[in-house]
Amino acid sequence: MPNIDRKWWKEAVVYQIYPRSFKDSDGDGVGDLRGIIEKLDYIKSLGVDTVWLTPVYPSPNDDNGYDVSDYCGIHPDFGSMADFDELLEGMHARGIRLVMDIVVNHSSDEHPWFVQSRSSRDNPYRDYYHWWPAEKGKPNYRYSFFDEDNNAWQYDATTDAYYLHYFSVKQPDLNWDNPEVRREVYKLMNFWAAKGVDGFRLDAFQLVAKDPEFPPLPESCAEDIKHVISYQAMDPKVHDYLQEMHREVFSKYDLMTVAEGAGNTFADAHALVDAERNELNMAYHFDGVHVGSSLAGYTLAEFRDVYTRWEEAFAEKGWLAIYLANHDVPRMVSKYGNDSPALRAASASLLNTFVLSMRGTPYVYYGDELGMTNTEFEGIADFQDIAARNSHKKALKDGVDMDTFMAQLKHLSRDNSRTPMQWDASPNAGFSSGTPWLRVNPNHSEINVAVQENHATSPLNYFRRLVQLRKDHPVLVYGSYQLWLPEHEQVYAYSRRLDDAAVLVLLNFSDAEASVDLPNELVPQGLLISNLAAALPVAGKLVLQPYQAIIFAL
Ligand code: TEU
């Protein structure tokens with residue numbers, strides 16, 4: 001093999017588990033660590049070798065665990081530290097690594113640091129957070145994702161001052177300018193690393209560094225809220241913090257480190273992940289999931305363009321994560337595929353083929369191996385997520401058209417992807433013997449593990465074959481990427497090449513048959529995998545079925 005700088009975290013296939021929704025072992029309706037332990041053999045059977053666990057720490061759950069009140073504990077809803085240790089041991093025994101979610105742009109307002117910080121202006125913890133004394137007047141505007149008014153400053157009467165919260169009012173932002181805060185963060189990361197966890201996902205990390213003066217927003221920000229969000233991200237100090245974190249934590253262990261968010265430009269992204277900078281292994285960008293994030297849907301051209309641009313920008317160096325879904329976006333099959341009964345299996349398998357045949361470390365969200373879909377909501381009472389509930393309050397205040405708002409929310413809400421894992425056709429989908437914290441998707445009677453285990457061609461079994469294919473063919477991990485048929489309206493075609501190994505990936509992103517005429521230099525030699533019956537092209541021509549995915553050896 002040429003000098004491709006092999007790393008386990010490049011070859012890994014990551015499976016993301018949202019623990020509240022994976023498996024409930026004690027009947028309280030909330031998934032837990034013992035539930036995951038029960039399902040370790042299932043996870044192993046998928047072929048995935050790394051699990052990213054979203055937060056399991058004590059939390060008032062304003063944002064389902066992304067508001068942490070004790071960074072070195074386990075939420076009683078999820079179990080105990082002994083359960084965690086057993087989970088980690090059970091994973092390692094099966095050759096599965098564990099990545100923890102580190103949420104340190106902010107803590108919970110119930111974290112002892114914040115309780116102290118808000119209690120008086122001269123408390124030793126005061127500078128753990130960003131405070132703006134009211135006598136200086138109103139602080140300059142900053143955007144908050146989850147605030148009812150999208151205002152990141154919350155007035156607190158106890159000390160007559162405002163505190164900063166880029167997420168909900170219960171998620172005050174930590175002050176990274178304070179070396180004490182950074183020391184505490186490295187301490188908690190070392191606590192988990194010393195336990196033997198294999199990596200960290202840094203939540204919302206591009207937002208941590210701030211200018212403590214909070215100057216007025218530049219004029220460009222008046223045009224569009226997106227500019228405000230970009231302005232608030234990637235203060236250059238973020239790189240100093242990451243290099244310090246690397247010295248204090250990462251350099252001591254063999255870890256997978258990934259940031260949520262890859263900055264505002266390709267240069268930002270490279271600065272986060274290029275190996276010689278000693279910051280992170282990889283990052284995941286939002287450009288891909290932003291495609292299709294409106295009711296209007298998306299075109300193949302947009303989708304292909306985004307992934308091709310990122311591929312090209314990282315062709316020579318750097319490494320990225322590749323994913324189509326997580327707990328912050330709708331189910332991939334409802335967003336990029338077709339979730340009708342006739343086409344959802346094929347389109348889910350097509351999307352998994354994309355994720356597992358691109359360069360970058362693939363991240364697969366629990367349930368996407370089955371083609372789990374968006375769920376059904378009647379009214380606002382069905383939504384659990386703080387983002388959904390507060391955006392609804394804001395929409396009411398702003399007097400927007402509520403029919404349109406609700407249609408968008410139903411399609412795009414994060415609750416879509418948080419419904420319980422569909423294990424079987426029983427009333428609670430085999431997730432819990434109690435009442436699930438979030439209603440199971442009614443289609444669990446058709447889409448579930450038990451049914452799919454019995455069908456050789458189910459999305460589940462196809463997914464297993466795909467993972468195996470990636471493991472067997474390093475070209476799928478390390479090979480260079482080349483786009484073909486750039487104007488095709490239905491088919492996304494690309495090749496991957498590594499030394500004398502080469503593959504061609506053909507993905508029909510449409511619900512109609514698609515004809516393909518291959519250029520002369522592409523001569524498929526054999527079929528590696530397809531989600532539907534496939535044959536080698538004849539004289540360079542072939543027809544793909546709706547949502548058919550094919551990988552040929554070249
Ligand atoms: O998400 C950060 C982030 O960028 C999101 O705010 C995203 O823009 C939003 O989810 C779109 O609705 C991370 C976590 O992944 C998310 O679950 C948390 O709610 C958030 O941080 C706060 O910790």
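The following paragraphs describe the surroundings of the ligand and one sheet in a predicted model. Local features were accepted at pLDDT of at least 70 and side-chain atom pairs only at pLDDT 80 or more, whereas totals for chains, interfaces and linings use all residues. Residues are numbered from 1 along each chain as its sequence is written, and side-chain values rest on heavy atoms, with hydrogens and water left out.

The ligand is surrounded by 15 residues (a heavy atom within 4 Å), of which Asp63, His106, Asp203, Asp328 and Arg414 come nearest. This shell comprises five nonpolar, three polar and seven charged residues, where Asp, Glu, Lys and Arg count as charged, Ala, Val, Leu, Ile, Met, Phe, Trp, Tyr, Cys and Pro as nonpolar, and the others, Gly among them, as polar. Polar contacts (N or O pairs within 3.5 Å) to ligand oxygen atoms are made by the side chains of Asp63 at 2.5 Å, His106 at 2.9 Å and Arg201 at 3.0 Å. Of the 490 Å² of accessible area that the ligand has on its own, the protein covers 84% (Shrake-Rupley method, 1.4 Å probe).

An open antiparallel sheet is formed by five strands in the order β12-β13-β14-β18-β16, strands being DSSP runs of E of at least two residues, numbered from the N terminus, that pair if at least two bridges are found between them. Because β12 (480-484) and β16 (526-530) stand at the edges with a single partner strand each, one side of each is left without a neighbour in the sheet. Strands β14 (residues 501-508) and β18 (residues 549-553) pair over five bridges, and Leu507 stands opposite Ala549 in β18.

Technical notes. A polar contact is a pair of N or O atoms within 3.5 Å; within protein, one must be able to donate a hydrogen and the other to accept it, and residues adjacent in sequence count only if both atoms are side-chain atoms. Helices (H or I, at least four residues) and strands (E, at least two) are DSSP runs, numbered from the N terminus.
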